[in-house]
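Please open the model in your viewer and keep the sequence beside it. The stops below can be selected one after another.

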Amino acid sequence: MADEVRPLVATVSVTLQVVGFPAAEEIAPRFDILTTPPTSELAGELDGAAEWLGVKIEEILLAALGRALGRTRGEGTATVDVIGEHRWLFHTVSLMCSDAAPMGPTEMLQGAHAALAAAPRRPAAQAEILVNVAADQSDAAGDHALELRVRRADGMLHLDWIYDANRFDAYSIEEMAEQFPMALIEITSDAAAPL
């Protein structure tokens with residue numbers, strides 16, 4: 001009997017409900033921000049892994065976000081807008097979110113890599129989540145329910161979680177912000193280069 005061949009990247013077909021509360025047309029968004037302490041360790045991990053694995057940092061950040069969302073919001077797929085470093089990229093991707101096997105670090109990175117490669121050049125509609133790697137301190141909050149703003153200053157990686165407080169409770173954002181660095185270390189330490 002031949003061994004069953006399984007794809008490297010499993011597909012997760014359930015759409016993940018990332019926001020805690022539905023949008024109400026009559027209520028304007030109220031943005032809050034949670035800033036995590038800047039760290040040189042995460043900056044070094046991210047840069048080293050991107051070079052070693054031959055991927056863009058956006059791919060690693062997306063894989064880590066998929067893991068953090070899987071741990072805090074559940075298994076499924078989430079639609080994410082991505083603005084790349086130096087604003088080279090603006091795409092909408094379907095991101096796999098998983099907290100455990102069979103989606104290991106390699107599969108999470110492969111999924112993020114494939115999602116960016118397959119993303120259309122012009123998004124059809126705006127996602128609820130934005131990963132903004134081109135951000136600077138002067139950028140105003142947009143109209144995404146959740147924005148992960150990633151910026152560098154003085155060799156440090158700064159992570160800002162900007163969220164609509166009408167759609168998320170603060171605890172949920174704190175939980176995502178706590179899980180994200182652990183997920184990032186998992187991806188940078190244990191993932192193999194995508195195919």
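**A tour by selection**

Begin with Glu147 and Arg149, both of which are buried (under 20% relative accessible area, with exposed meaning over 50% and partly exposed in between, for a 1.4 Å probe and protein chains only). Their side chains meet in a salt bridge at 2.9 Å, N to O, the term standing for a side-chain nitrogen of Lys or Arg within 4 Å of a carboxyl oxygen of Asp or Glu.

The model is predicted, so local features need pLDDT of at least 70 and side-chain atom pairs count only at pLDDT 80 or more, whereas totals for chains, interfaces and linings use all residues. Residues are numbered from 1 along each chain as its sequence is written, and side-chain values use heavy atoms, with hydrogens and water left out.

Next, colour the strands, which like the helices are DSSP runs numbered from the N terminus (helices H or I, at least four residues; strands E, at least two). An open sheet of six strands appears in the order 1-6-5-4-2-3, with mixed pairing, where two strands pair if DSSP finds at least two bridges between them. Strand 1 (31–39) and strand 3 (90–97) stand at the edges with a single partner strand each, so one side of each has no neighbour in the sheet. From one strand to the next the twist averages 25°.

Select strand 1 together with strand 6: the two run antiparallel and are joined by seven bridges, and Asp32 has Tyr163 in strand 6 as its bridge partner. Add helix 1 (residues 40–53), which packs on the sheet and touches strand 1, strand 5 (146–153) and strand 6, contact meaning heavy atoms within 4.5 Å. The direction of helix 1 makes about 100° with that of strand 6; axes are lines fitted to C-alpha atoms, for helices over the stretch in contact, and angles run from 0 to 180 degrees between N-to-C directions.

Now show Arg152 and Asp47, whose side chains meet in a salt bridge of 2.6 Å, N to O. This pair links strand 5 to helix 1 across 105 residues.

Move on to Arg71 and Glu186, which also form a salt bridge (2.6 Å, N to O), connecting helix 2 (residues 57–72) with helix 4. Arg71 is partly exposed at 31% relative accessible area, while Glu186 is buried at 17%. Include Arg67 in the selection to see the network of salt bridges that links Arg67, Arg71 and Glu186.
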